[in-house]
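Okay, thanks for making room for me today. I'd like to walk you through one structure, mostly its aromatic rings and a bit of its surface. Let me put it up.

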Amino acid sequence: MRIFKIFRTDSWVKPFLGKYRKSLFWALALGFITFFCAGALMFNSGYLISRSASLPENILLVYVPIVLTRAFGIGRPVFKYLERLTSHNWVLKLTSELRLKLYNVLEKDAVFFKNDYQTGNILGLLSEDINHIQNLYLRTVFPTVIAWLLYIFIVIGLGYFSLWFALVMLLLFAVLIILLPIWSIIINGARQEQQKQMRNILYTELTDNVLGISDWIFSQRSLEYADRHILFEQKFQEVTQTIRDFDHKRNFLAQLVFCVIAIALLIWTSQYFPGSHGGQANWIAAFVLAIFPLIDAFAPLSDAAQETNIYQDSLSRLNHLQDKQAKRKLDTEKNAEEVTAPYSVEIKHLKFKYTDSSKVLIKNLDLEITGGEKIAILGKSGSGKSTLANLIRGDLIPTEGTVCLNQKETYKFGDEISNYIGVIHQAPYLFNTSIRNNLSIGNESASEQNLWDVLERVGLKKLVLKLPDKLDTLVDEAGLRFSGGERHRLALARILLKDVPIIILDEPTVSLDPLTEQEVIETFVKELQGKTLIWITHHLQGLALMDQVVFLENGRLQISGSPQELAQNNKHYRKLLAIDQGGSI
């Protein structure tokens, strides 16, 4: 099985098996003793009931089973409670250290994390990985090991009385702990993989489309999205129901096997312990009843086995995180030397898709952005605009091709890329601290005069002067004290203080009214004069201020040229201009 191959090279879970080996041993031992007490309780109870129905030759023949029944009756819940305490304590210690380790790995490599996982897939995948590891032990490893210990104990115990019957039980129990689990993995494994992929697609599409809901509404296609989502949800439910139907049939078959085991025990004991009334026949009920508590130990094994299909992906992802981090750290160190002006961005044969998705977002894209050029990148929601912006800044690694800043791949710059490329997002975030601190994020060494100068450049100096504490005025959480346009101007002020040569505007005016939008655009263009400006948008307002306009459609370059050339020579562009008067593309 693939999960055993992953375990051999595992650096996340396997080290803790030795570290907490004593707790692991007691968790398994107590689990075995719990089921032993349950079986022994029924064994003694069965013997006691049969023996009490006849006149015993010696009072000890009844008294001893009574004492054992009490002992095993008390022992079963006590040992079960201790087993739960020990196993859960072991797993919680394991998962707490795994969460700390995961945080330490991701905190150092957070900027590249979205290269492998889309926002929606993070909800469906990595957020569940630690919980999967926890369930791997509680629902798969512990029950399976305990069941195998019981299996060996039962076969050896029966072999003491009858070798041929022990072999019969060996085969019957093998159906429960070997045949049915393997059957479940083979049949339901593929279905679970399909279910997982469909769930991830639902997470991703729901996230992407909620973020781009305005595009669906403006294009009057909201019903189309809702119908498509409902249809996909129905297919997902069909796969889920198929898995449940198989589980019901398999569980019914497992109960039939237990029935055969009980009948076989009844026949064997009646032959091996012949007699009537107070004779050896008293052992018949003891052996037959002892098997029923063991159903709880063997029945869950098929579910536990097929769930390994879920757990193995989590183990694989966690083990790959450190390898990727080490490689990126090495790439960053190799590329640490500075690049000098003039700064140009060159994109060659670019292709990109997330590693956990088959959908290609950027397809064979070639584009060159020279120093000081102002370029607008347009396209409808899902066309690859924001993905391209992330690739340019180095937040994503190309699947194929290259994105270079002065012939050096941008993702290899690591944190140093912030010295060359700045970003103003759709909803710039302001922290719940003073205006001074919010601005100084761009340049911690900026003087007070620098702060006032940059506020004047973005048109906010008069506003700040009117505030009671001026630069020391506290900004509400997320900057709610300011309007949308004012927040964007503050974000621009940060960029100006940072003084980077390349600025990416990732749909910064999408939530603004047309008048404010035009004012903000003009401010951006004026204050960023001489810098390379990459404007991601789906509006055509303000495009006349750009040097070049590029249209993306399904990750491909469809139209490019200056705004004036496109307005004169391209019918599609003129049509889009007309549409934009009433909304978005």
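Before the rings, one bit of vocabulary: I call two rings of Phe, Tyr or Trp a pair if their centres lie within 6.5 Å, taking the six-membered ring for Trp. And keep in mind that what you see is a predicted model.

With that in hand, look at this cluster: ring pairs link F43, Y47, Y160, F161, W164, F165, W268, Y272, W283 and F287. Across the whole structure, the search turns up 23 aromatic pairs.

Let me zoom in on a couple of those. Take W148 and Y151: the ring centres are 5.5 Å apart and the planes sit at 80°. Planes over 60 degrees apart count as edge-to-face, so that's what this pair is. The two residues are three apart in helix 7, which puts about one helical turn between them. Buried or exposed, then, for Y151? Y151 is buried, with 6% relative accessibility, while W148 has 34% and counts as partly exposed.

Now a pair with another geometry. W268 and Y272 are stacked, with 5.2 Å from centre to centre and 25° between the planes. Both belong to helix 10, residues 222-272, and they're four residues apart, again about one turn of the helix. W268 is buried at 3% relative accessibility, and Y272 is partly exposed at 37%. These two are also among the members of the cluster I showed you.

Okay, back to W148, because there's a surface story too: at 34% it passes the cut-off of over 30% relative accessible area that patch residues need. Which residues join W148 in a nonpolar patch on the surface? They are I152, I156, I178, I182 and I186, and with W148 the patch has about 570 Å² of accessible area. Helix 7 (126-161) and helix 8 (163-211) are the elements that give two or more residues to that patch. I178, for one, is found in helix 8, and it's partly exposed, at 33% relative accessible area.

Last, the big picture. The protein has 22 helices and 10 strands. There are 585 residues, and 49% of them count as buried. The accessible surface comes to about 29,200 Å², with 59% of that belonging to carbon and sulfur atoms. And if you take contacts between residues at least 6 apart in sequence, 76% join residues at least 24 apart.

That's my tour, thanks for listening.

Technical notes
Residues numbered from 1 in each chain as written. Predicted model: local features only at pLDDT ≥ 70, side-chain atom pairs only at ≥ 80, totals over all residues. Heavy atoms only, no water. Patch = residues over 30% accessible without salt bridge, like charges linked within 9 Å, V, L, I, M, F, W, Y side chains within 5 Å. Areas by Shrake-Rupley, 256 points an atom, 1.4 Å probe, with all protein chains shown as cover. Salt bridge = Lys/Arg side-chain N within 4 Å of Asp/Glu carboxyl O. Buried < 20%, exposed > 50% of the residue type's maximum accessible area, 1.4 Å probe, protein only. Contact = heavy atoms within 4.5 Å. Phe/Tyr/Trp six-rings, centres within 6.5 Å; stacked < 30°, edge-to-face > 60°.
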